[in-house]
Amino acid sequence: MNKKASVVIIGGGINGCALAYELAKKGVKDVMVIEKNFLASGSTGRCGGGFRQQWSTPMNIKFAMESVDIFSRLDEELQYKTEYYQGGYLILAYTPEEIRQFEKNVRLQREMGLDVRLIEPKECLKIVPDLNIDGVLGATYCKSDGHANPFYVTQAYAKKAKEMGVQFLLDTEVIAIDSHNDRITAVQTDKGKIMTDTVVNAAGGHAHLVSSMLGLDIPVKPYRHEILVTEPVNRIFDPMIISFHYHIYMRQELNGGILMGQGDPNEPSSFNVEGSFDFINQVCKKGMKIMPVLENISVVRQWAGLYAVTPDAQPILGPVPPFDNFIHIVGFSGHGFMLAPRVAQHITDYIVDNKLSDEIKNCSIDRFKNMDLDVDVNVV
Amino acid sequence: MKDDQIIICRCEDGTLADVKDAIHRLGLRSVEEIKRVKRFGMGHCQGKTCGKLISQIISRELNISYEDMAPATTRQPAKAVSVKEFASYQEGN
């Protein structure tokens with residue numbers, strides 16, 4: 001094992017792998033990624049794979065728009081087919097409150113240059129002919145939103161990073177982090193110690209455990225979210241369909257399988273990633289209501305993953321005091337996959353040029369010191 | 001028969017050549033990883049046919065004892081069940 005690294009990234013999910021690639025691209029040598037299991041074995045490989053730009057805070061909108069721009073060129077840049085597909089996002093409104101919120105969102109999103117519209121139920125049928133519009137008061141639609149395959153995107157970044165000299169240590173667990181005078185000096189793993197002067201915490205649902213190795217108490221908690229997938233069927237719908245009201249999202253993969261997912265907002269924080277019968281029962285009821293044609297399609301698999309949730313549903317990015325060389329990319333609250341490509345570039349700028357972008361400053365852990373948080377309400 | 005004519009995963013049309021490619025070119029070492037990258041075991045039968053075959057191939061190609069290999073995760077449902085069937089369950093029944 002290499003006993004020294006310029007940057008040690010903890011976590012081989014989308015954020016860790018995208019950052020490894022961006023660092024290598026900027027010419028950083030001796031980057032190392034440490035992963036407890038295998039690549040995308042945690043939250044990344046369990047996520048819905050969507051990328052959307054329809055958010056309710058300016059920062060999330062900008063971040064997501066810039067990420068989609070990167071996603072759209074990723075297959076070419078990384079020479080890997082990631083199943084990137086701009087099928088759009090259709091977000092259904094079932095209450096007058098939702099319509100009012102969506103009007104506000106669309107106004108803000110359009111001001112920021114996003115091609116998004118609030119549409120009538122009838123127009124929804126043009127986009128998804130099998131949609132049941134009973135109770136639907138309207139929807140927002142952005143056709144440049146879409147999805148990609150989270151395993152493939154992670155593999156794509158990792159493969160290219162490896163070719164550029166990044167070292168990946170799989171099946172390797174971090175057990176301690178050494179520091180001296182508020183500087184990190186080494187990372188200890190079950191396979192040995194690595195001397196380094198920059199450590200990145202990209203440990204997804206387990207991020208707070210990594211921080212706690214240095215006595216830090218970051219406000220990120222894991223929550224179980226569950227998904228199921230059906231057998232592959234002919235094309236039924238293109239966009240990701242979301243309802244905040246019903247706490248559900250569904251999309252059809254390129255191979256034809258239909259994903260449906262939701263989290264239980266009343267479930268307490270835990271590391272549980274077992275599938276539950278309650279979920280499958282409820283999500284099938286909701287799914288059939290939204291899209292009756294699903295009724296005779298068979299469910300083949302269910303699974304669960306962790307959302308790493310912060311108090312304002314926005315990530316914590318950048319160094320966490322008192323350590324200016326312990327960088328966090330954590331707490332994406334269920335949206336790490338779609339933001340990762342752009343976040344990796346911002347973090348690279350900080351590591352390479354010591355440049356703290358406005359985005360990183362906005363996502364600094366310091367924001368939790370004041371109470372006036374800009375909470376993104378568009379979370380499902 | 002050639003490796004690319006031997007079907008290992010019937011649901012996703014995976015051949016022995018694909019499994020060997022995953023092991024030797026992509027460096028994957030477990031059924032779980034191969035499943036995610038190649039989709040084998042994600043189809044209708046959920047790996048009931050190919051899971052053990054893939055374990056055997058990995059064991060042979062990488063010289064790992066079959067007994068030492070972690071079994072692939074099995075997930076519900078045990079067999080494919082329709083959305084309608086799952087939705088019809090009411091608590092208390």
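**Entry 1: salt bridges**

I count a salt bridge when a side-chain nitrogen of Lys or Arg lies within 4 Å of a carboxyl oxygen of Asp or Glu. I am working on a predicted model, and with this rule I get 28 salt bridges over all chains. The background I keep in mind is that side chains of opposite charge can pair when their charged atoms come close.

My opening example is A:Asp115 with A:Lys143, where the closest N and O atoms are 3.4 Å apart. I looked up where the two sit: A:Asp115 is in the loop between helix H4 (96-111) and strand E6 (116-119) of chain A, and A:Lys143 is in the loop between strand E7 (138-142) and strand E8 (146-147) of chain A. The two residues are 28 residues apart, and the pair links distant parts of the chain. I also checked cover for A:Asp115, which is partly exposed at a relative accessible area of 45%.

Next I turned to A:Glu359 and A:Lys62, whose side chains form a salt bridge with an N to O distance of 2.3 Å. A:Glu359 belongs to helix H10 (residues 358-362) and A:Lys62 to helix H3 (residues 58-78), both of chain A, so this pair ties together parts that are 297 residues apart in sequence. Is each partner buried or partly exposed? I find A:Glu359 buried, with a relative accessible area of 8%, while A:Lys62 is partly exposed at 35%.

Then I took A:Arg224 and A:Glu267, which meet in a salt bridge at 3.0 Å, N to O. I place A:Arg224 in strand E14 (residues 221-230) of chain A, and A:Glu267 in the loop between strand E17 (258-263) and helix H8 (277-290) of chain A, 43 residues apart. A:Arg224 is buried, with a relative accessible area of 11%. A:Glu267 counts as buried too, at 17% relative accessibility, since the cut-off for buried is under 20%.

I also noted a network: A:Lys26, A:Asp349, A:Asp353 and A:Lys355 are joined by salt bridges that share partners.

**Entry 2: a sheet in chain A**

I traced an open sheet of six strands in chain A, with the order E9-E3-E2-E13-E20-E19 and mixed pairing. Which strands stand at the edges? They are strand E9 (167-169) and strand E19 (316-320) of chain A; each has a single partner strand, so one side of each is left without a neighbour in the sheet. The twist from one strand to the next averages 20°.

I zoomed in on one pairing. Strand E13 (residues 199-201) and strand E20 (residues 323-330) of chain A run parallel and are joined by three bridges. One partnership I wrote down is A:Val199 with A:Phe326 in E20(A).

I then asked what helix H1 (residues 14-25) of chain A lies across. My list reads strand E2 (7-10), strand E3 (31-34), E9, E13 and E20 of chain A. Helix H1 runs at about 160° to E2(A).

**Entry 3: chain B**

I find four helices and three strands in chain B, and along the sequence the pattern is β-β-α-α-α-β-α.

For overall shape, I compared the radius of gyration with the globule rule: chain B has 16 Å, whereas a compact globule of 93 residues would come out near 12 Å. The C-alpha trace of chain B spans about 50 × 30 × 20 Å along its principal axes.

I closed with cover and contacts. Of the 93 residues in chain B, 43% are buried. The exposed surface of chain B is about 5400 Å², with 50% of it supplied by carbon and sulfur atoms. Among contacts in chain B with a separation of 6 or more, 47% come from residues 24 or more positions apart.

Note on methods. Residues numbered from 1 in each chain as written. Chains lettered and ligands numbered in written order. Predicted model: local features only at pLDDT ≥ 70, side-chain atom pairs only at ≥ 80, totals over all residues. Heavy atoms only, no water. Buried < 20%, exposed > 50% of the residue type's maximum accessible area, 1.4 Å probe, protein only. Pairing = 2+ DSSP bridges. Axes fitted to C-alpha atoms, helices over the stretch in contact; angles between N-to-C directions. Contact = heavy atoms within 4.5 Å. Rg over C-alpha atoms; globule rule 2.2 N^0.38 Å. Areas by Shrake-Rupley, 256 points an atom, 1.4 Å probe, with all protein chains shown as cover.
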